[in-house]
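Biologist: Before we discuss this model, I would like each label to be justified by its value and its cut-off. Could you take me through the reasoning step by step?

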Amino acid sequence: MLSDSVVEGPLPNRFRSLWDEIAPVGRDAGSGGYLRYALTEPEIELRGWFRTQAQQRGMPVTEDGNGNLFAHWGDPEASDAVLTGSHFDSVPHGGAYDGPLGIVSAFLAVDELRAAGVTPVRPLVLAAFVEEEGARFGVPCLGSRLLTGALPADRAAGLRDAAGVSFAEALGDRPAGARPELLGRFGTFVELHVEQGRALVDADAPVAVASAIWPHGRWRFDVTGEGNHAGTTRMADRRDPMLTYAFGVLAANKEARLRGAHATVGRVAVEPNATNAIPSKVTGWLDARAADPQTLAGLVEAVRGKLAERARRDGTEVAVTEESATPLVAFDGGLAGRLAALLDAPVLPTGAGHDAGVLAAHLPTAMLFVRNPTGVSHSPAEAATDDDCAAGVRALARVLEELTCR
């Protein structure tokens, strides 16, 4: 059970003490960012930490067969449970707070409720979802997509990382896929997350409630040409896929700006990847986001058309493949309004995807954001003060008390 020492001292200090336990795990000494890829050693270590924290609080831990962990305050088989939590995995050299803040805050919120003598009427469940970022196997929110059936287990099992390891191999078994009987036990989901922008800095508020997630997705474009010698092949004779690729990146940037949308190409693979060789193939990944589905579709189609046009000029070929797509997610308006009034907090939309966006299609879902003074995310510059994190814990505790006790 929870020891008395866990709940002693000011909350910012208790946050810092618990945070420091995980802060070194997976940190790259050179960049200061994190390499916590799903089901690799650092993330597995954090999963062990999750089990330890749950055990210290007398909370049994279960798994769903897809890599997602659940710690239970109350009967694990009971229905109408309130679910909270986030993820441990990171993007390459990502920040410390994206994901883990929601898990650490959830444990501390349990401590706050117990210290106040609160006994939930509805079960409370803490979650650690697997592969939310999609940095290892390419599909974001993989664990929550599997749980809800949004992604078939067979497709997930065959996803491979850069080293050729499949998700099934990393998991140690074929993923279970949709778990409707488990999902049906959850009545509400609330995810706390560091803000990935500066709206709370401008609002001078430590915590906000989310209203919606922009529709977004990932598209892979494979550009093939003719590999050849950089020194002996005349410019007029080249079929260089790098030219088509580069044009596509510029086109995505222009089309996004014209539409008030977001387009990013942050990953590229080149074959044969030699300085003195014209590439034979270039593969790029487009991350596209917009405020509404029509704008997003228009952006992607415009980029697809520009790539095809440029490929004809360059003598190359282009294939565009949708790897993941998430529709507009409007969080439960009644729940968001209720929590905003409870916390006297602003309500904000976000362009970032989350497990909450997947679960929102199946149960009432809300998100809380904690102020990020830099406004930077997916980067070592991502930040939050201990005082603001403590404010986030208090807000989450109030929300969980409201949802589990009333």
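Modeller: Gladly, with the reminder that this is a predicted model.

Biologist: What makes strand S15 largely enclosed by the rest of the structure?

Modeller: Of the 6 residues of S15 (residues 365-370), 6 are buried, so the strand is largely enclosed by the rest of the structure. Both faces are covered, with Thr-365, Met-367 and Phe-369 buried on one side and Ala-366, Leu-368 and Val-370 buried on the other.

Biologist: How do you know that strand S5 pairs with S15?

Modeller: Pairing requires at least two bridges, and 6 bridges join S5 (residues 186-194) to S15 in a parallel arrangement; one of the contacts has Val-190 bridging to Ala-366 in S15. Strand S6 (residues 207-213) runs antiparallel to S15 and is joined to it by 3 bridges, with Ala-208 having Phe-369 as its bridge partner.

Biologist: Among the 10 aromatic pairs, why is that of Trp-49 and Phe-107 called edge-to-face?

Modeller: The ring planes stand 85 degrees apart, and since planes over 60 degrees apart count as edge-to-face, the label applies; the centres lie 5.9 Å apart, where the limit for a pair is within 6.5 Å. Trp-49 belongs to helix H2 (residues 41-56) and Phe-107 to helix H3 (residues 100-115), so the pair ties together parts that are 58 residues apart in sequence.

Biologist: Why does Trp-49 count as buried?

Modeller: Its relative accessibility is 10%, and buried means under 20%, so Trp-49 counts as buried.

Biologist: How do you know that the charged end of Arg-267 sits over the ring of Trp-285?

Modeller: The distance to the ring centre is 3.7 Å, where the criterion asks for within 6 Å and also within 35 degrees of the ring normal.

Notes: Residues numbered from 1 in each chain as written. Predicted model: local features only at pLDDT ≥ 70, side-chain atom pairs only at ≥ 80, totals over all residues. Heavy atoms only, no water. Buried < 20%, exposed > 50% of the residue type's maximum accessible area, 1.4 Å probe, protein only. Helix = DSSP H or I, 4+ residues; strand = E, 2+ residues; numbered from the N terminus. Phe/Tyr/Trp six-rings, centres within 6.5 Å; stacked < 30°, edge-to-face > 60°.
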